[in-house]
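Biologist: Hello! I am new to this structure and would love a close look at a single part of it. Could you walk me through the sheet and what surrounds it?

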Amino acid sequence: MSDLPVEISPVIPADWGKRLKEFIASAKTEKEDEHDRRAFFKSYIMEGVFGINARYIDYEKDRVDLYYAGVLIETKAKLDRASKLDGLKKVKKYLERRPNARLCVVTDLITFELYKPEDVRRTPEEQLETLEPFKVFSLDVKEEGESDEAYARRVFNELYLMLYPKETNLKPEPDVIVP
């Protein structure tokens, strides 16, 4: 069902900066477990910010990890060496059921590590620890000299491009709505 062509909103909500801070604070709360944070990401970010219809977001079979429009998202409570390796092993197994996956993500929902499915597939399981992501971004890292507005826009763009459901070499530019 989630392989259907669907669109996501390229419009940055006027309250995106506030939403981003709320999400980061919630994701860093020790009280919330991985499943709660994943559900919050799905509802607050994927559905609430990007307008993705919930019917297009799948949970991995026998798991609760997310799959949307070719993006396989393996979530971990924390993203250390051991959990990253565990995540990559699970992604490798999920790819057997998701031959059309176009992107694999291992994340603690603060830091996102992006992998090409073909790289994960061709790397033997015993060598997955050496596999490097082709892109990494963090929701809570503000670059030196970056304004709050530029930071919020950059993070929105990173998430948007990660979730964007079409193969594209163009960088879609989101629009900003000012209240």
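To start with a detail: which residue in β6 is the bridge partner of Thr-107?

Modeller: Happy to help, and please keep in mind that this is a predicted model. The bridge partner of Thr-107 is Phe-112 in β6. That pair belongs to a wider match: strand β5, residues 103-107, and strand β6, residues 111-115, run in the antiparallel sense and share four bridges. In general, the strands of a sheet pair through backbone hydrogen bonds, either parallel or antiparallel.

Let us stay with these two strands for a moment and look at the loop between β5 and β6, where Leu-109 is found. Leu-109 has a positive phi of about 70 degrees, although it is not a glycine. Most residues other than glycine have a negative phi. Leu-109 has a relative accessible area of 2%, so it is buried, the cut-off being under 20%.

Another loop of the sheet, the one between β3 and β4, holds Ala-69. Here too phi is positive in a residue other than glycine, with a value near 45 degrees for Ala-69. Ala-69 counts as buried because its relative accessibility is 7%.

Now step back to the whole sheet. It is an open sheet of six strands in the order β2-β3-β4-β5-β6-β7, and its pairing is mixed. At the edges stand β2 (57-59) and β7 (135-138); each has a single partner strand, so one side of each is left without a neighbour in the sheet. On average, neighbouring strands are turned by 20 degrees against each other, direction ignored.

Two helices pack on this sheet. Helix α3, residues 81-97, touches β4 (71-75), β5 and β6, and its direction makes about 145 degrees with that of β4. Helix α5 touches β3 (66-68), β4, β5, β6 and β7, and its direction makes about 135 degrees with that of β7.

Helix α5 also leads us to one more neighbour. Helix α2 (residues 34-49) packs with α5 (residues 148-163) at an angle of about 90 degrees, and their axes are 12 Å apart. The two helices are therefore roughly perpendicular to each other, a term that covers angles of 65 to 115 degrees. From α2, the residues Phe-41, Ile-45, Met-46 and Val-49 meet Phe-156, Leu-159, Met-162 and Leu-163 of α5. Sorted by class, this contact of α2 with α5 has eight nonpolar residues, no polar and no charged ones.

How values were computed
Residues are numbered from 1 along each chain as its sequence is written. This is a predicted model: local features need pLDDT of at least 70, side-chain atom pairs count only at pLDDT 80 or more; totals for chains, interfaces and linings use all residues. Side-chain values use heavy atoms; hydrogens and water are left out. Axes are lines fitted to C-alpha atoms, for helices over the stretch in contact, and angles run from 0 to 180 degrees between N-to-C directions. Angles under 35 degrees count as roughly parallel, over 145 as roughly antiparallel, 65 to 115 as roughly perpendicular and the rest as oblique. Contact means heavy atoms within 4.5 Å. Ala, Val, Leu, Ile, Met, Phe, Trp, Tyr, Cys and Pro count as nonpolar, Asp, Glu, Lys and Arg as charged, and the others, Gly among them, as polar. Two strands pair if DSSP finds at least two bridges between them. Buried means under 20% relative accessible area, exposed over 50%, partly exposed in between (1.4 Å probe, protein chains only).
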